[in-house]
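Here is a short walk through one protein model. Keep the sequence and the 3D view open as you read.

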Amino acid sequence: MKKIIPITFSVIVLLSSCTKKDPTTKFNINETTKTDFTQYVNPLIGTSKMGHVFPGAVAPFGMVQLSPQTNFEVMFNDDGSYNSNTYEYCAGYQYRDSTIIGFSHTNFSGTGHSDLGDFLVMPTSGNLILEPLNAKGGGGFYSVFSHDSEEAAPGYYKVDLDSYGIKAELTASERVGFHQYTFPETDEAHIILDMVYNVYHHDNKNVWTFIRVENDSLVTGYRQTKGWARTRKVFFAMQFSRPFKSYGHKKYDKVIYDGFYRRFKQDGNFPEMAGKNIRAYFNFETKEGEKIKIKFALSPVSTNGALKNLEAEIPHWGFDKTREENRTKWNKELSKIEVATLSEDDKIVFYTAMYHASLSPILYEDADGNYRGLDQNIYTSDGFTNYTIFSLWDTYRALHPLFNIIQPERNNDMIKSMLAHHDESVHNMLPVWSHYANENWCMIGYHATSVIADAIVKNVGDFNHDRALQAAVNTANVRYFDGLGDYIDYEYVPDDRSHSSVSKTLEYAYDDWCIAQMAKKIGDTSIENAFMNRSQYYMNVFDPKTGYMQPKLADGTFRKDFDPMDTHGQGFIEGNAWNYGLYVPQNIGKMIDMMGGKERFTQHLDSLFTMKIEDKYIEHHEDITRDGIIGNYVHGNEPGHHIPYLYNWTGHPEKTQGRVRMIMNTMYAPTVEGLCGNDDAGQMSAWYIFSSLGLYPVTPGSPYYALGSPLVKEAKIHLGNGKIFNIKTKNQDKENVYVKKVTINGKVLEGTLLAHQEIMNGGEIIFEMTNSPNNEK
């Protein structure tokens with residue numbers, strides 16, 4: 001339930017680890033309370049090239065992601081063409097850079113498109129410069145820095161801004177960023193608040209910015225942007241630890257009409273600042289070693305909400321106190337799975353994956369429960385906590401299934417947030433890809449249905465199942481959505497009527513199967529039968545003559561100019577027929593039969609991992625690079641994450657075991673290049689977590705996991721129901737990648753599937769490892 005309330009704007013006045021630790025520290029799996037799990041997290045992993053993660057300070061699932069921005073790339077070139085360099089800065093940071101232009105309070109983690117970068121704060125000294133880069137006369141307010149002085153840990157970031165002799169330190173609570181800047185002696189110290197800067201900036205992105213100087217140490221305001229989210233508002237309250245001596249701003253947009261505000265000299269010491277593009281500054285005098293602290297609270301609702309968040313979460317000025325509270329929160333999340341590993345590097349990769357899998361979705365409500373809804377009205381959450389950033393095309397695959405094991409209460413709240421989104425939607429749809437009270441319509445499918453079905457079949461949460469089923473049915477019948485009407489009419493998506501037609505057909509069919517599972521659990525046979533029928537539409541894009549899923553035209557014929565290797569314009573989105581065409585998780589056995597049977601399908605998988613794909617087939621996609629490719633298998637992108645486990649269905653589980661271990665050892669590493677592709681809001685990390693534990697949810701919406709080859713020596717999973725599930729191995733070694741035998745609670749486990757309930761009952765599973773493939777079918 002939720003309640004609508006009126007808005008009020010009243011104001012109340014390179015490395016293996018980034019933390020310093022003893023490398024000889026031993027991990028005792030039986031001493032949870034004594035272990036600082038944050039020492040095994042390196043937030044700099046994946047900050048180079050394609051990972052698109054940020055190294056800054058954040059609380060688990062926090063609204064604030066306070067992180068350095070190392071460059072300012074606009075989205076479009078002067079001629080209006082897309083600036084491809086923008087893609088590198090989806091999280092605002094690239095490890096190769098040697099400059100910092102400031103610290104922003106909102107950042108996506110691991111996405112392949114972007115937005116955010118709100119409220120850039122930069123401390124400087126000397127002459128005041130208000131352009132970040134390439135100011136007239138040279139330079140800008142950026143600072144050079146060295147990674148030697150950079151330190152990143154869960155909830156803490158530190159760096160020396162060498163151009164100014166300023167030490168910057170950051171920490172955060174869920175809704176408040178906490179800055180601490182140590183200045184040299186100067187009578188020209190400045191704090192710049194850059195309201196122009198955006199990630200994925202373009203000339204018309206800022207709709208309006210507004211700042212109020214409430215007194216000599218408190219500033220409030222908001223910004224509205226039009227980017228990936230079409231109508232996005234973020235409010236803030238900025239509290240300084242000491243008064244500033246003067247302040248002002250520069251406006252970068254042409255003022256056509258300013259009413260009677262023209263009476264005032266507004267650019268200096270005038271307490272209101274308004275316009276599309278503004279940079280404000282606050283001046284101080286400092287002694288050597290003097291600290292200026294800033295508490296910067298966010299709200300999706302109002303400046304009043306931001307002030308309440310500030311008071312609720314950090315009512316003091318103890319930076320170290322907040323940092324320690326943050327570390328405690330991270331230890332609580334990280335300790336949900338305790339692991340012993342073959343090497344220190346494996347442990348760092350594992351716990352960094354746990355960290356990245358706990359960054360989103362994010363809290364999207366004030367401390368009092370108020371939040372901005374999809375319809376831009378203000379609601380109060382009732383019986384749930386509201387979340388946003390649902391990168392569902394990615395995260396339904398493994399991240400939300402992981403939450404069903406270790407974060408069931410949060411996943412329950414996330415599903416209730418999706419249902420609230422549906423109720424607020426003028427389209428009567430569940431989220432497709434949503435953030436900050438906006439649907440951005442990115443990617444394909446309606447995968448909220450998968451998240452909901454997975455929770456229902458696994459008995460997670462107390463959300464209303466009937467309401468959820470109706471929301472799913474509503475979503476699946478919005479005819480004007482992305483070829484869905486044609487899918488319903490033709491029983492496939494015609495390629496001459498919609499792009500990515502094969503991918504859409506495959507994913508719609510899977511989502512329809514998920515709806516059928518929901519209906520089956522509830523007992524609605526009419527909906528179950530209707531959507532089970534729709535779930536078979538994947539068969540209509542399979543061409544038995546070629547053996548591939550391929551584009552079909554509205555006249556019922558398969559398109560003739562078809563290349564199964566090409567990832568561009570062949571009916572697939574970010575994939576090709578060789579890899580994306582293997583997506584029928586709801587009926588893997590039928591797919592294998594269609595494609596020639598187990599032996600032929602095994603040969604296809606073998607070829608997929610060993611063949612070479614030429615550059616011309618992948619050059620049109622930012623999200624597919626050599627870093628994440630093994631043969632024609634693309635681990636750096638999500639559609640193929642289930643593929644290594646498909647050998648289990650062909651009678652060759654040993655090939656699944658070998659492939660999975662190879663992927664973990666080659667596609668992940670404890671370095672800045674340790675992610676082979678976008679982490680995609682935690683999905684890439686969730687794949688690693690599951691696979692390290694020896695299992696994977698090939699078919700979310702089913703109560704079973706496929707078994708693989710565990711990389712850990714042992715693990716202890718603290719379940720949401722209070723029980724413990726232990727994973728142990730015998731003869732574990734980097735060479736012993738094959739599984740000889742599996743027992744659960746002393747009984748031999750036949751086959752290659754593990755039931756969810758077996759995990760939730762607690763107990764113990766033991767993998768007996770060997771260096772010889774076990775070819776018993």
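A residue is called buried when its relative accessible area is under 20%. This is a predicted model. Start with strand 3, residues 65-69. Five of its five residues are buried, so strand 3 is largely enclosed by the rest of the structure.

Strand 3 has partners. Strand 2, residues 57-58, runs antiparallel to strand 3, and two bridges join them. Here alanine 57 stands opposite leucine 66. The two strands form a hairpin with six residues between them. In that turn, phenylalanine 61 has a positive phi of about 60°. Strand 3 also pairs with strand 5, residues 102-104. That pairing is antiparallel too and spans three bridges. In it, proline 68 faces phenylalanine 103 as its opposite residue.

Move on to strand 10, residues 166-172. This strand is mostly covered, with six of its seven residues buried. Strand 9, residues 156-161, is joined to strand 10 by five bridges, and the two run antiparallel. Tyrosine 157 has leucine 170 as its bridge partner. Strand 9 and strand 10 make a hairpin with four residues between them. Glycine 165, in the turn, has a positive phi of about 65°.

Strand 10 pairs with strand 11 as well, in the antiparallel sense, over six bridges. Lysine 167 is matched there with threonine 182 in strand 11. These two strands also form a hairpin, with three residues between them.

Follow the chain past strand 11. Between strand 11 (176-182) and strand 12 (186-194) lies a loop, and glutamate 185 sits in it. Is glutamate 185 buried or exposed? Glutamate 185 is exposed, with a relative accessible area of 63%. It belongs to a negative surface patch, together with Asp187, Glu188 and Glu288.

Now turn to a sheet of six strands. It is open, its pairing is mixed, and the strands come in the order 20-33-34-38-35-36. Strand 20 (337-340) and strand 36 (747-748) stand at the edges. Each has a single partner strand, so one side of each is left without a neighbour in the sheet.

Within this sheet, look at strand 35 (residues 738-744) and strand 38 (residues 763-770). They run antiparallel and are joined by six bridges. Valine 742 stands opposite phenylalanine 767 in strand 38. What holds such strands together? Strands of a sheet pair through backbone hydrogen bonds, either parallel or antiparallel.

Methods:
Residues numbered from 1 in each chain as written. Predicted model: local features only at pLDDT ≥ 70, side-chain atom pairs only at ≥ 80, totals over all residues. Heavy atoms only, no water. Patch = residues over 30% accessible without salt bridge, like charges linked within 9 Å, V, L, I, M, F, W, Y side chains within 5 Å. Areas by Shrake-Rupley, 256 points an atom, 1.4 Å probe, with all protein chains shown as cover. Salt bridge = Lys/Arg side-chain N within 4 Å of Asp/Glu carboxyl O. Lys, Arg positive; Asp, Glu negative; His and termini not counted. Charge placed at Lys NZ, Arg CZ, Asp CG, Glu CD. Buried < 20%, exposed > 50% of the residue type's maximum accessible area, 1.4 Å probe, protein only. Pairing = 2+ DSSP bridges.
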